[in-house]
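Biologist: Could you take me through one part of this model at the bench-biochemist level, strand by strand and helix by helix? I would like to look closely at an open sheet and whatever packs against it.

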Amino acid sequence: MNSDVCTCEKGFDFGKPVHELDKFAYFGNDLGAVYSKEKTVFTLWSPAALSVKVKLYATGSDNEAGAGVLAELPMEKTQDNVWRLEYAGDHKNEYYTYIITHKDKTVETVDIYAKAGGVNGNRGMIVDLPSTDPEGWDKDNYIFMPSPTDAIVWEVHVKDFSHCASSGISEKNRGKYLAFCEHSTLYGEGIVPTCVDYLKNLGITHVQINPFYDFGSIDESKNDDSFNWGYDPKNYNIPEGSYSTNPYDGNVRITECKQMIKALHDAGIGVIMDVVYNHTYQGGGSFFDLSVPGYYYRYNRDGSWSNGSGCSNDTASEHLMFRKFMVDSVLYWAKEYHIDGFRFDLMGLHDAHTMNLIRQTLDKEFGKDNIILYGEGWHMGTACARDTQLANQGAVRSMHGVGAFNDNIRDAIKGSVFGAYDKGFVQCGAGAERIKSGILGETCSWAGEASQCVNYASCHDNYALYDKLILSERGGAGYSERFDNLVSMIKLSAAVVLTSRGIPFFLAGEEIARTKFGDENSYCSSAKINEIDWENTGHYADLILYYQGLIRLRKRLDALRGSNEVSDKSNLRFIDNAMPCVTYVVDFEQDGINGHIFVALNPCDYDVRINLADTGLDKNTKWIAVANKHSAGTAPLMAISELALVENKSALVLIDEAAYKAIFKK
């Protein structure tokens, strides 16, 4: 096997071959079906195939009017180890598959590089991509941040977002891409904005959307309440059809997906795409395995499929052509759909070289670190090639510009996700040292810089935050009830996340005490269990205002966010004589102004008084409170000197008076 390092035409280092077929790797940018009015060029990498044909269909399935085979045309193998066919004429909107003969069998498969497809993704489609652009797409702007730590991420599922009637979305668009395009969607008597208008008021900068590529678990031909999170990829480069108004026309899902992204961009909100390259909907029988059997996946020594993902088919990112596929796919979504960032499911199963290559490719196209990248950096067992460095938390320092979720602060805030009744900081004060590590953006631990640390208390996995608190505090009684002591805990949790260095992240609806009624793993539960009930915006208006205020405060104070530049100009020091409270001071410089921030996080059931002389600053320093148990924001709540009262189950944030006047009175 050739041991030389492989590079593409742009000079990127794709690494050394590790599989026998890697020596036939192809690094051209024309894989798939490339359309023009004059011809469509099909290019497939399947170096061991004996013969390949393109099969053309009139429709995306045999159950549609006008269905039929249009042609079956042979492809030719080229000197660069790909199969190619130039199909003369304008064949826009025709559907196609590949018929591949391997040494022991002939199979029909969808092109893994297909950009459009028919219902349920069982045929690719020749697509004229510019014709799918919605009105104004050429003027659509990316949402780039000066630093990843300037992002504030709200995680949502396309169907969750608007499925409930209280969303105010028109019935035909509920659970669809187009729900994001409706405005003035008010529930009840028309007093509360929902959906995108609600997000604008909330102040978040980005939504992370659960998978919206084409996934396998939902029958797109049925317009029903079927639900799945979508972590079962079928066609990586095609939008999911069940979220479109017409899954039979391959153009519609593309256009409506772009409309969703544009609507969010028009609201000033970036889109982070949740991507799942670590496994596919199925292993044997997947379009990857049908195209090049035994290549795209990892196998144990006994020949069984590697199962670090828990889905029985770990993909092999260290194999050059799957590495290339990941790079090509991410770049395609970023360019064609104007995606502002990517969240990698089970990133710890990929290798660090691939993640660095994705970072380098996006940086070359969009500028350094403009596209946000992070993922699940869990340490997981998988049958990867020897000497492969996996992209887990232990490798984060070697992956500049690639972040990872902070499970340390997640479990410290409210107890381990692996124990329903386990308690954390907000319930009983446990985990204070781990809270401190998270406040520092894990830069004293696994992160090389705060921008690599994604801090959170809840996400789509495991219990919703309110449900976890009900379980650990009330034994699981009263999911739909409001408990003010639990609301205080949610506020304290939000204060931990939004005053910590790194990227703050929270599950959609966390700020309205969202419940899934104790369902810990709702990936295929009913849409009713998973939907956001927008009526909660009325029941928890105080909680929403608290999140809004903390978000405004974080946006105004650079030192709370901890970008690399800010970290170099600020000093964060903990005050340890107020335990079990976590208390710290940040000395900072912002826009030529020197100042101090005091933060106290009190998990106790009783109030705590802290002597401000313990900050080490001049005892005559006067402070302005901008967050306490009841309110948060940039408006002054009260002036404080000498002694600070931190109420039970609450946070207190102070800014020295001189800095407050200079920064907030401009």
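Modeller: Happy to: here is a walk through one sheet, the helices that lie on it, and a second helix contact to set beside them.

Before we start, this is a predicted model, in which local features need pLDDT of at least 70, side-chain atom pairs count only at pLDDT 80 or more, and totals for chains, interfaces and linings use all residues. Residues are numbered from 1 along each chain as its sequence is written, and side-chain values use heavy atoms, with hydrogens and water left out.

Let's begin with the sheet. Six strands form an open sheet in the order β24-β25-β26-β31-β28-β29, and the pairing is antiparallel. Strands here are DSSP runs of E with at least two residues, helices are runs of H or I with at least four, and both are numbered from the N terminus. Two strands pair if DSSP finds at least two bridges between them. At the edges stand β24 (571–575) and β29 (638–640); each has a single partner strand, so one side of each is left without a neighbour in the sheet. On average, neighbouring strands of this sheet are turned by 30° against each other, direction ignored. As general background, strands of a sheet pair through backbone hydrogen bonds, either parallel or antiparallel.

Now look at one pair of strands. Strand β26 (residues 593–602) and strand β31 (residues 650–656) run antiparallel and are joined by six bridges. If you want one bridge to find on screen, Asn602 has Ser650 in β31 as its partner.

Ala600 also lies in strand β26. Ala600 has a relative accessible area of 0%, so it is buried; buried means under 20% relative accessible area, exposed over 50% and partly exposed in between, with a 1.4 Å probe and protein chains only. Leaving aside residues up to four places away in sequence, Ala600 touches Val582, Thr583, Ile610, Val646, Ser650, Ala651 and Leu652, where contact means heavy atoms within 4.5 Å. For a sense of scale, the C-alpha atoms of Ala600 and Ser167 are separated by 37 Å, and the two residues are 433 apart along the chain.

Next come the helices on the sheet. Helix α9 (residues 432–439) lies across β24, β25 (582–590) and β26, and runs at about 10° to β25. Helix α11 (residues 484–498) packs on the sheet too, touching β26 and β31, and its direction makes about 145° with that of β26. These axes are lines fitted to C-alpha atoms, for helices over the stretch in contact, and angles run from 0 to 180 degrees between N-to-C directions.

Helix α11 holds Ser493. Ser493 counts as buried because its relative accessibility is 0%. Apart from residues up to four places away in sequence, Ser493 touches Ile413, Val426, Ala457 and Leu465.

Ile413 belongs to α7, where it takes part in the contact with α9. The axes of helix α7 (residues 407–414) and α9 come within 8 Å and cross at roughly 140°. The two helices are therefore oblique to each other: angles under 35 degrees count as roughly parallel, over 145 as roughly antiparallel, 65 to 115 as roughly perpendicular, and the rest as oblique. The crossing of α7 and α9 is left-handed, meaning that the near helix is turned anticlockwise from the far one by less than a right angle, whereas clockwise would be right-handed. In this contact, Asn408, Ile409, Asp411, Ala412 and Ile413 of α7 meet Arg434, Ile435, Ser437, Gly438 and Ile439 of α9. The residues of this contact divide into five nonpolar, three polar and two charged. Here Ala, Val, Leu, Ile, Met, Phe, Trp, Tyr, Cys and Pro count as nonpolar, Asp, Glu, Lys and Arg as charged, and the others, Gly among them, as polar.

Finally, the second helix contact. Helix α2 (residues 195–202) and helix α14 (residues 541–556) have axes that come within 9 Å and cross at roughly 55°, and they are therefore oblique to each other. Tyr198, Asn201 and Leu202 in α2 meet Ile544, Tyr547, Gln548 and Ile551 in α14. The residues of the contact of α2 with α14 divide into five nonpolar, two polar and no charged. Helix α2 is mostly covered, with six of its eight residues buried: Cys195, Val196, Asp197, Tyr198, Leu199 and Leu202.
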